[in-house]
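Please open the structure in the viewer and keep its sequence beside it. The tour proceeds from one selection to the next.

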Amino acid sequence: MTHASYRKAMAVLILGACIIGFAPILVRLSSAGPAATGFWRLAFALPALAILAQSGARDAGSQGSGLMALPPIMAVWAGLAFAADLGFWHYALGFTTVANATVLTNLTPIVVTTLAWLVFKEVPQRLFLTGLVLAITGAVTLAHGAASAGSGRNTGLGDALAVGTAFWYALYFLAVRKARQTLSAPLVMFWSSLAALPCLIVFALVMHEPLWPTTALGWFACLGLGFVHVAGQGSIAWALGRLPTAITSLVVLIQPVIAAVVGWILFAEAIGPWQIVGGALTLSGVVLAQWAASRVQ
């Protein structure tokens, strides 16, 4: 990969991570149940994803694939993992702060880096590992700061669900990375979203959740989540076809910083000194790891 291509992929990844940072805010504003909100997110996103996929927006390795073909198995696995990811995360947001839920979810790099090493033989560089440790330390500090500030309910259940989300998000990352070897980003996004859709509505029914948003703001939030899914998650899926899995999952740690700031503005979830330090450490780790990865491109 040339330096210009690397910079382009990194710019798209950072943009996607920033857009995704608004997702927890929109989930909080939705008046539907947690899993039902995830269902509406994908339902609103699917028409746009179908148009993008069918229009032929495909990479060089995506020959012969289309909406009329059988669903690619790896994209389906990505969808199942994403359904679990959304279910766990949306419930976590109901029990703990936006910052905690987003930060603990984004401990994913710990899982992704280890699995990518074992599965894809992507041996991490020492400088990259230094950035990883710095970013994870910042993420944990940010979460601790949120708890210390007393913002939100911050129960152990919410934090545990957020940590569980990290596992499902890691599986999603790896499945998308594998699917992107032969499929375009729009096709992977379409099939994975379609696979996740029935899982979320079944879960919502089992949990007796409110299935419909009850306010105009709730519908707007679900529509916004659809945009976030197409533009944010789609950008990340596109970048996964061009960047190492570990660096991609690490850069996504920008999300909790965005979420913490917006949560402070909209929900008065206080940001204390420890959260500021944690955010700075997280961003520093992302920059260091990005620089380390660019040296081996």
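Which residues form a nonpolar patch on the surface? Select W117, L118, V119 and V123, which form this patch and together have about 420 Å² of accessible area. The area is obtained by the Shrake-Rupley method with a 1.4 Å probe, and for residues only the protein chains shown count as cover. A patch here joins nonpolar side chains (Val, Leu, Ile, Met, Phe, Trp, Tyr) within 5 Å, from residues with over 30% relative accessible area and no salt bridge, that is, no side-chain nitrogen of Lys or Arg within 4 Å of a carboxyl oxygen of Asp or Glu.

This is a predicted model, in which local features need pLDDT of at least 70 and side-chain atom pairs pLDDT 80 or more, while totals for chains, interfaces and linings use all residues. Residues are numbered from 1 along each chain as its sequence is written, and side-chain values use heavy atoms, without hydrogens and water.

Next, select V119, which lies in helix α6 (residues 108-119). Helices are DSSP runs of H or I with at least four residues, numbered from the N terminus. V119 is exposed because its relative accessible area is 52%, and exposed means over 50% (1.4 Å probe, protein chains only).

Then select helix α5 (residues 98-105) and helix α8 (residues 156-179), whose axes come within 7 Å and cross at roughly 35°. Axes are lines fitted to C-alpha atoms over the stretch in contact, with angles from 0 to 180 degrees between N-to-C directions. In α5, N100, A101, L104 and T105 meet residues of α8, including D159 and Y169, with contact meaning heavy atoms within 4.5 Å.

Finally, display the whole chain, which has 13 helices and 0 strands.

Technical notes:
Helix = DSSP H or I, 4+ residues; strand = E, 2+ residues; numbered from the N terminus. Patch = residues over 30% accessible without salt bridge, like charges linked within 9 Å, V, L, I, M, F, W, Y side chains within 5 Å. Buried < 20%, exposed > 50% of the residue type's maximum accessible area, 1.4 Å probe, protein only.
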